[in-house]
Amino acid sequence: MSKYDGTAPVAVTVDLVIFTLRHSALHVLLIERGKGPFLGELALPGGFVRDDEDLRQAALRELGEETGVDGTRLHLEQLRTFGTPGRDPRVRTFTVAYLALGPDLPSPVAGTDAAHARWMPVQDALTCGLAFDHAAILGEGLHRARAKLEYTTVAAAFCQEPFTLADLRHVYEVVWDLDLDPSNFRRKVLKADDFVIPTGEYRAPEVGRPAELYRRGRAEVLFPPMVRA
């Protein structure tokens, strides 16, 4: 077999790992492929980058076309680039993966080359046999999301404002798959610089005392960090 000499066609794609919390579980957005290769198999949303767009524009366009989700509402960041030979049987392909986070996102609407789009619990998605190398991309996205909760304020991106500290704690518990002590969590959150800001309002519970409501602060880096036990 001859070695790659740089003259064969090369394509650039984007793929999106989109997380939200639904039914008290971390879910990822998947599509059912409506075209080959991997016709009918589940995959992450994504596609080829056009000549007239940058990577972020391509990610937002593919997200809207394949699922109907408005990516401008989400926390969106580059995850990493994947380029293992043979990852796409059509052409030598490098994909730039994006991580997106959003609060209780709506049911997606499939379009273009996606036959269907759905939310799936992350643990199910990791074992269901995704197309291409998307299981590896999803695993990287989960690792990044869990790590970012330790040292950034991105957990608040999963919360609809205003939110309670119990709402925020629930994000950490679901993403980390851990049970956290409410009092200790409250102390750490309120100690962190400009992580959350009280609104002066309260949510009346069915039982017990009203819960204080908060909104996101301006900080992006969490200090002190919220280290996993």
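# Notebook: cysteines, strand β6 and selected residues

**Entry 1. Cysteines.** I looked up disulfides and found that the structure holds 0 of them. The model is a predicted one, and I read every entry below in that light. A disulfide is a covalent bond between the sulfur atoms of two cysteines. I then examined two cysteines one by one. Cys128 is partly exposed, at a relative accessible area of 34%. Cys159, at 4% relative accessibility, counts as buried.

**Entry 2. The chain as a whole.** I recorded the secondary structure, which comes to 5 helices and 9 strands. Read from the N terminus, the order of elements is β-β-β-β-α-β-β-β-α-α-α-α-β-β. Along the principal axes, the C-alpha atoms fill a box of roughly 70 × 35 × 30 Å. The chain has 229 residues, and 46% of them are buried. I also noted how contacts are spread along the sequence: of those with a separation of 6 or more, 67% are between residues 24 or more positions apart.

**Entry 3. Surface and charge.** I noted an exposed area of about 11900 Å² for the chain, of which carbon and sulfur atoms supply 51%. For charge, I recorded 27 positive and 32 negative side chains. The centres of these two sets lie 4 Å apart.

**Entry 4. Strand β6.** I turned next to strand β6, which spans residues 92-101. How many of its 10 residues are buried? The number is 8, and the strand is thus mostly covered. I then looked up its pairing with two other strands. With strand β1 (residues 10-22), β6 pairs in the parallel sense over 10 bridges. Within β6, Ala100 is the residue that stands opposite Ile18. With strand β5 (residues 75-82), β6 runs antiparallel, and 7 bridges join the two. I noted Thr95 of β6 as the bridge partner of Phe82.

**Entry 5. Leu101.** I stayed with β6 for Leu101, which lies in that strand. Is Leu101 buried or exposed? Leu101 has a relative accessible area of 2%, and because buried means under 20%, I class this residue as buried. I listed its contacts, leaving aside neighbours within four places in sequence: Phe19, Leu74, His75, Val154 and Phe158. I also checked Leu101 against Arg73, which is 28 residues away in sequence. Their C-alpha atoms are 9.1 Å apart in space.

**Entry 6. Glu62.** I looked up Glu62 and placed this residue in helix α1 (residues 55-67). Glu62 has a relative accessible area of 7%, so I enter this acidic side chain's residue as buried. Which residues does Glu62 touch, not counting those up to four places away in sequence? I found Val14, Gly46, Gly47, Phe48 and Thr67.

**Entry 7. Asp181.** I closed with Asp181, found in the loop between α4 (165-176) and α5 (182-191). Its relative accessible area is 46%, and I recorded Asp181 as partly exposed. I checked Asp181 against Arg169, which is 12 residues away in sequence. The C-alpha to C-alpha distance for Asp181 and Arg169 is 9.1 Å.

How values were computed:
Residues numbered from 1 in each chain as written. Predicted model: local features only at pLDDT ≥ 70, side-chain atom pairs only at ≥ 80, totals over all residues. Heavy atoms only, no water. Buried < 20%, exposed > 50% of the residue type's maximum accessible area, 1.4 Å probe, protein only. Helix = DSSP H or I, 4+ residues; strand = E, 2+ residues; numbered from the N terminus. Pairing = 2+ DSSP bridges. Contact = heavy atoms within 4.5 Å. Areas by Shrake-Rupley, 256 points an atom, 1.4 Å probe, with all protein chains shown as cover. Lys, Arg positive; Asp, Glu negative; His and termini not counted. Charge placed at Lys NZ, Arg CZ, Asp CG, Glu CD. Disulfide = S-S within 2.5 Å.
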